[in-house]
Structures are given as C-alpha cells and as structure tokens.
Amino acid sequence: MQIYLPIAEISVNVFLLLGLGGLVGILSGMFGVGGGFLITPLLFFVGIPPAVAVATSANQIVASSFSGLLAHLRRKTVDLRMGVVLLIGGLVGAAFGIWIFNILREMGQVDLLVRLCYVVFLGAIGGLMFIESLNAILDTRAGTPPRRKHHTWIHALPFKMKFRTSGLYISVIPPAIVGLCVGVLAAIMGVGGGFIMVPAMIYLLGMPTKVVVGTSLFQIIFVTAFTTLLHAITNYTVDMLLAVFLLVGGVIGAQVGTRIGVRMKAEQLRILLALMVLLVCGKLAFDLLVEPSERFSIGTLEP
Amino acid sequence: MIRALCLLLVLSWPGVAQAEDLVAGLSKSRISISANFDGSEILIFGAVKRAAPAPEGQIGLIVTVEGPKNPLVVRRKDKQANIWINSAGVQVDGAPSFYAVNTSGPIDEVLDEASDAAHRITVRKAIQSVGDPEDVADPSIFTDALIRIREEANLYQLNVGAVEVSDQTLFNTSVALPANLVEGAYTSRVFLTRGGAIVAEYASIIDVEKVGLERFLYVLAHDQPAVYGLLSLAIAIAAGWGASAVFRYIQS
C-alpha cells in the first residue's frame, strides 16, 4: 500500500515506514536511546529528501521521548533543575544549528555537514562506549570492583549551583555547554542527542545513572520540539504524515524492545549499541571516502 | 495584385495551407494527488485530418508530456582532502520536473534538427539554457548528468515506437506518470511530422494537484507554518502520551 507524502512529495510504502519506525523503536526500547541517529540515515536510504528527513525525525523524537519522560516523572528520576540548565544551552545551540544548516543548504554542503557530523560523533561515542563496556565485561569476569570517580577540573569552575536530585554541587558552565553542543547537533543531524548527552552526563558531570536518562529525555523533548518548529517555519520541511507512520511503528517497536532489553545484561546491551553505532559510522565514512557511483546530484533553487 | 493577395490569404489560413491537421484528445485533463496516489496513466489519442490524399514523406507522430519547470542546480562531487564533497555546480534556469517523449519511430527519422530546436521537443532542448558559469570548463556534462539521473528515476522518458499509428490516420499512446509527481500545470503536445518537418501541432493542459488531506497539509505548512509546526508537535505528544497510557492499561 503506497502513500503520497505531502511535504516530501514522494510516494512510499506504508509498511516500509511502519517497519522502519518499528525497527528503530525496538532499538530505542532496548538501549534507551531516541533512535534519531538511525532513523535519519534510514530515511535518506528510502529516498526522503535529507532536509525533510532531518526535520521530520526531530518531530518523531518528541513523540517517542514523551512517553519515556512520563514514566520517569512518575518515578521522580528527573533532575528538573539540571534539565533547565541543559535546556537553556540546548535552545541557544538549536537556534545556532538551524542557522548553520540554512547557510550550508544554500551552499549545497548540507549533506556533507550532516554526514561529517555523523561520522565524527558516532565514531567517537561508539569507540568510547565499546572500550568502556569491554573493560566493564572484562572487569566483571576478573572480579575487580568498578573504579571510583575522581574530582576533575570540572569541579573548579565558577557559578556553582546545587542540583539536589543529582546530589551535585557544580558550576553551571559544563552542563550549559553540553546542552549547547547537543542543541547544535539536534538541529543539524535531526537527532535528540541522547547518545551524546547520556555519556557526557555520566562521565563529565558525574550525575548518578538513575537520573541521567529521565533528565536527558526532559532536555531532548524541548530541544527537538524547538527544532521541529524552527524547521517548520523556516524550511517548511516537516512532513506530518511521514511522522505519524514512523510514530505508530516506533511506539509498538519500543514496547517489544523494552522486553528484549530487560533480559540482557547492561554491559552486553552497551557493547551491542556501541557496535551498531560504529557500523552506521563505518557505512557513512565509507561513502565519504570511496568514489560515489553517481558523482552528480540535483539541488533545488528557490524560483 | 488580387491574385497575390489571394495567395497570401491561402498561405496564412491554417486549415487550407496545411494539407493535414491534427485532432487529439486526452483521457484526463486533471490528475488528483490523493493520499493513496500511486502514479497515473494518461492516454493520448486522435486522428490526422486531411482534405486531400496523404502527401509524400514519411509520417511521424510525437507526443510529449511536460511537467512544470523549476530552476535547479546540478552539483558534482570532487575529491578534496581525501573525501568526496560537492564542489563544482551549474545552475539550470528551468528544467521540467517530468518529461516524456513518445514517438512513432526512431527520433532522427521522425524529427529533424531544425524542428527540434524550434519547438524544444527532445529533453535536451526542453531544458532551458544553462547559464554560463565562470569556474566550470564543460557545462554540458552537467546537463548530461541531470538527464541521466532523471532518466534513472523514470522522470525523463523517451519511448521510441510508443505511438501507434494505423492507416496513417489514427494514433494513440499512453504516458505513465510516476508516483513522485510534482504539482502544477503539465503540458501535453502532439506533433505531426512529414519527413522530419512539423506540419501540425496540438497542445493541451493537464492539471496535477493535491487534493483532500494532502492539499490541506501542504497549504497549511506553507501558509501557516507556525500553526502547522505546533500541530505536528501536538500530534506527536498526543501519540506518545496515548501509547504510554495504552501500554500501562494493558500491563495493569
């Protein structure tokens, strides 16, 4: 069954969209990530124009994160104060990201920017996560206790603030910068940024793991909602119909994924996620480095 | 003097001056893009009307269907600092979003170069002149690439022998429009040629437009982008909340 998407102006198979949404939903349920970093490249692959793919996946992330945030709010595992600091950075970053996105779109380099961002960030995060989880698995086998966190330069910065839920007393500068970077990425890559923010919160800010996911979801919802609006207003590239089909698949997939995730160990999950991130990164890097089969591409101009 | 005037009148009067004329029709003059739009087919048919017996020369029929023209830019990737990035680009003033040419025989037999240039019939002529870029040595390879990419996507078609002609009089052909159509006014033209030269021409418009939900969303997204953006978010949040509520209900 084909459906014509009004904004992407392309006709695609409904079950393909539901399947894509479902696949990403399973992964996000298993690993607790938004899945934006997977859905955007997959949409490119289906033939959705990159600008529409980026804007629409931002809209889809709002939906998939919202049900997650509700669950975390009920369990009181959201550090609202930290969330707001991250959010302020995030909104500034998102506005900045949209600005860069539009300049590069006019120059015809948006594709390169998005791909480069993916390669660099997926490579770095995937690599770190792989090494870290491999060490964790080896440590558990060897029976050594997990290492304790140390005080770093982070704790020496000014403008300190108490974050009671996280049990932290640190400067607002690092969280604001983390938020800013994630905001820029959300706008450029069409991702929520959970896969960057979660490690940053644990390793850089030293937040307790139980509040990390809820707080990052809180920040992600507002930042991606803001990016969706900005893309809708400046580029008219949010495809509501596309988002709805991805959503339906995603919601069902997430429930299946959560059930699979419960049966696996945390380190195993992390190493699988790391491998998947590295795989996506490798594919994108390969495309950049190897001569493309079609060297020419067509871009639209405003009449 | 009077004889000369009469001759002029006869020559300028189309019905008399041309020994042959075209009568043509389309199976539809309007295509609606609804949510389940999956491409469409147009039948173009007609007859050659003539007062006298058929003249000398090989008969040829050419049918074109052309989508709205848009300016675009064709970019080429080049290797810079070890990665392939878009470098050179050529602007095209107007390239049809869709272009099909159906002919009754090989294109060089049914159409001569001069008629093609005058009526912009083949796809290469239909693409409006490429502006002169300073930094690109050979702009024609960019036009070649544009045609190649759109031919692969089935947006540019050349169907040789697709026009059926019977008894040098009746003809019919069909053009398949793909699912990823762009809205706008499409032009269908029919040319009758003798020995490659055009002797009669017929043109008609096909309106392609989104209808129903497609139209509503498209118009809203462009006229009220803020409302549209907020609506997208509201739907997303409602879906997320609804899903969590449903699954909690199932679990309890």
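This report describes strand pairing, salt bridges and selected helices in a predicted model.

## The six-stranded sheet of chain B

Chain B contains an open sheet of 6 strands, arranged in the order E2-E12-E11-E4-E7-E8, and the pairing within this sheet is mixed. Strand E2 (30–33) and strand E8 (156–159) of chain B stand at the edges; each has a single partner strand, so one side of each is left without a neighbour in the sheet. From one strand to the next, the twist averages 15 degrees.

The sheet may be followed strand by strand, beginning with E2(B). This strand runs parallel to strand E12 (residues 197–210) of chain B, and 4 bridges join the two. Within this pairing, Ile33(B) has Lys210(B) in E12(B) as its bridge partner.

The next pairing is that of E11(B) with E12(B), which is antiparallel and extends over 11 bridges. These two strands form a hairpin with 2 residues between them, and Gly195(B) in the turn has a positive phi of about 60 degrees. Arg189(B) stands opposite Ala203(B) in E12(B).

On the way to strand E4 (residues 59–66) of chain B, the sheet continues through strand E11 (residues 184–194) of chain B; the two run antiparallel and are joined by 8 bridges. Here Thr64(B) stands opposite Arg189(B) in E11(B). Arg189(B) thus has a facing residue in E4(B), namely Thr64(B), and another in E12(B), namely Ala203(B). As a general point, side chains in a regular strand alternate between the two faces of the sheet.

## Strand pairing between the chains

Pairing also links chain A to chain B. Strand E5 (residues 296–300) of chain A and strand E5 (residues 69–80) of chain B run antiparallel and are joined by 5 bridges. In this pairing the bridge partner of Gly299(A) is Val73(B) in E5(B).

E5(B) is also joined by 10 bridges to strand E6 (residues 83–96) of chain B, in the antiparallel sense. Lys69(B) stands opposite Pro96(B) in E6(B). E5(B) and E6(B) form a hairpin with 2 residues between them, and in its turn Ala81(B) has a positive phi of about 50 degrees.

## Salt bridges

The count over all chains comes to 12 salt bridges. The table presents some of those in chain B.

| Basic residue | Acidic residue | Closest N and O atoms |
|---|---|---|
| Arg50(B) | Glu20(B) | 2.7 Å |
| Arg194(B) | Glu20(B) | 2.8 Å |
| Arg215(B) | Glu183(B) | 2.7 Å |

Glu20(B) forms a salt bridge with Arg50(B) and another with Arg194(B). In the pair with Arg50(B), strand E3 (residues 40–50) of chain B supplies the arginine and strand E1 (residues 20–26) of chain B the glutamate, so the contact ties together parts that are 30 residues apart in sequence. Glu20(B) counts as buried, because its relative accessibility of 3% falls under 20%. Arg50(B), by contrast, is partly exposed, with a relative accessible area of 23%.

The salt bridge of Arg194(B) with Glu20(B) has its closest N and O atoms 2.8 Å apart. Arg194(B) lies in strand E11 of chain B and Glu20(B) in strand E1, so this pair ties together parts that are 174 residues apart in sequence. Arg194(B) counts as buried at 9% relative accessibility.

A further salt bridge is that of Arg215(B) with Glu183(B). The pair links distant parts of the chain, 32 residues apart: Arg215(B) is in helix H7 (residues 212–223) of chain B, whereas Glu183(B) is in the loop between strand E10 (170–177) and E11 of chain B. Arg215(B) is partly exposed, with a relative accessible area of 33%, while Glu183(B) counts as buried at 18% relative accessibility. Salt bridges that share partners join Glu9(A), Glu183(B), Lys210(B) and Arg215(B) into one network. Lys210(B), a member of this network, is also the bridge partner of Ile33(B) in the sheet.

## Helices of chain A

Helix H9 (residues 240–262) of chain A has 23 residues and reaches 32 Å from its first C-alpha to its last, close to the expected 33 Å. Its N-terminal end is capped by Asp239(A), which has a side-chain oxygen 3.2 Å from the backbone nitrogen of Leu241(A).

Helix H10 (residues 266–289) of chain A contains Leu269(A). This residue counts as buried, at 13% relative accessibility. Leaving aside residues up to four places away in sequence, Leu269(A) touches Met30(A), Phe31(A), Gly261(A) and Met264(A). Leu269(A) and Ser133(A) are 136 residues apart in sequence, and their C-alpha atoms are 9.0 Å apart in space.

Note on methods: Residues numbered from 1 in each chain as written. Chains lettered and ligands numbered in written order. Predicted model: local features only at pLDDT ≥ 70, side-chain atom pairs only at ≥ 80, totals over all residues. Heavy atoms only, no water. Pairing = 2+ DSSP bridges. Axes fitted to C-alpha atoms, helices over the stretch in contact; angles between N-to-C directions. Expected span 1.5 Å × (residues − 1). Polar contact = N/O pair within 3.5 Å; in protein donor to acceptor, adjacent residues only side chain to side chain. Salt bridge = Lys/Arg side-chain N within 4 Å of Asp/Glu carboxyl O. Buried < 20%, exposed > 50% of the residue type's maximum accessible area, 1.4 Å probe, protein only. Contact = heavy atoms within 4.5 Å.
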